[in-house]
Amino acid sequence: MIAMGIAATLALQLVLAQKADWDPRDDGPGHIDVSDYPAAQQKEYPLFRVKCAKCHPVSRPINSQYSPTEWKRYMKRMIRRPNSGINEEQAEGLYDFLKYYAGRTSPK
Ligand code: HEC
């Protein structure tokens, strides 16, 4: 009975959190070396790994090259999705991380 309950819950989560279709970026690297990032951004990294891996692999954002303005737009789009599991406060922190990441990865 418990196993059935768990299976039903997982199935429900799959339905509620819309899974994104496969994208070539998903097969790219799935890690960022944050060892020389400032403390504030290092602190956000674990949250980013969990929250942004719910509907597509975390490699999707990692292998996307966006400017801070574009990231702002994408963050709004992602958290507006039903059952995104990301609240406003977390979104601020995640955006801060992505903004810094964009500065590090954009061609100079
Ligand atoms: C509730 C599900 C969900 C969550 C959570 C989620 N995403 Fe997505 N994401 C999607 C879907 C569905 C797509 C594909 C459709 C689209 O591009 O809007 C997508 C696409 C993307 C893309 C590619 C956009 C493009 O135009 O090609 C990026 C980048 C992205 N997500 C970043 C993130 C980041 C960063 C987070 C964490 C803050 C996140 N996602 C969390 C559902 C989600």
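Let me begin with the ligand, where helix 3, residues 59–62, and helix 4, residues 68–80, each supply at least two residues of the surrounding shell. I should say at once that what we are looking at is a predicted model, so please keep that in mind as we go along. Between these contributors, helix 4 gives the most to the shell, namely 4 residues. The shell around the ligand holds 20 residues, and those that come nearest are Ala-20, Cys-52, Cys-55, Pro-61 and Met-78. If we sort the shell by chemical class, we find 10 nonpolar residues, together with 5 polar and 5 charged ones.

Now let me step back to the whole chain. The protein contains 5 helices and 0 strands, and reading along the sequence we therefore meet the pattern α-α-α-α-α, where only runs that DSSP assigns as helix or strand are counted. The protein has 108 residues, of which 12% count as buried. If we take the contacts between residues at least 6 apart in sequence, 81% of them join residues that are at least 24 apart.

Next, how do helix 4 and helix 5 pack against each other, in angle and in distance between their axes? Two packed helices are described by exactly these two quantities, the angle between the axes and the distance between them. Here the angle is about 145°, and the axes of helix 4 and helix 5 lie 9 Å apart, while the crossing itself is right-handed. On the helix 4 side the contact involves Pro-68, Trp-71, Lys-72, Met-75 and Ile-79, and these meet Ala-91, Leu-94, Tyr-95, Leu-98, Lys-99 and Ala-102 of helix 5. By class, this contact is made of 9 nonpolar residues and 2 charged ones, with no polar residue.

Trp-71, Leu-94 and Leu-98, which we have just met in that contact, appear again in the largest nonpolar core, whose 7 residues are Phe-48, Cys-52, Trp-71, Leu-94, Phe-97, Leu-98 and Tyr-101. Helix 5 provides the largest share of this core, with 4 residues. As a general background, nonpolar side chains in soluble globular proteins tend to be buried together. Within the core, Phe-48 touches Leu-94 and Phe-97, if we leave out residues up to four places away in sequence. Cys-52, for its part, belongs to this core and is also among the residues that come nearest to the ligand.

Let me stay with helix 5 for a moment, since Asp-96 is found there too. Is Asp-96 buried or partly exposed? It is partly exposed, because 16 other C-beta atoms lie within 10 Å, whereas a buried residue would need 20 or more. Apart from its neighbours within four places in sequence, Asp-96 is in contact with Ala-40, Gln-41 and Glu-44. Asp-96 and Gln-41 are 55 residues apart in sequence, and yet their C-alpha atoms are 7.2 Å apart in space.

Finally, two residues in loops deserve a look. Asn-83 sits in the loop between helix 4 and helix 5, the latter covering residues 88–105, and it has a positive phi of about 60° although it is not a glycine. Most residues other than glycine have a negative phi. Asn-83 counts as partly exposed because it has 13 C-beta neighbours inside 10 Å. Asp-33, in the loop between helix 1 and helix 2, is exposed, because 7 other C-beta atoms lie within 10 Å.

Notes. Residues numbered from 1 in each chain as written. Predicted model: local features only at pLDDT ≥ 70, side-chain atom pairs only at ≥ 80, totals over all residues. Near = placed C-beta within 6 Å. Nonpolar A, V, L, I, M, F, W, Y, C, P; charged D, E, K, R; others polar. Axes fitted to C-alpha atoms, helices over the stretch in contact; angles between N-to-C directions. Left-handed = near helix turned anticlockwise from the far one by under 90°. Contact = placed C-beta atoms within 7 Å. Core = buried A, V, L, I, M, F, W, Y, C linked by C-beta atoms within 7 Å.
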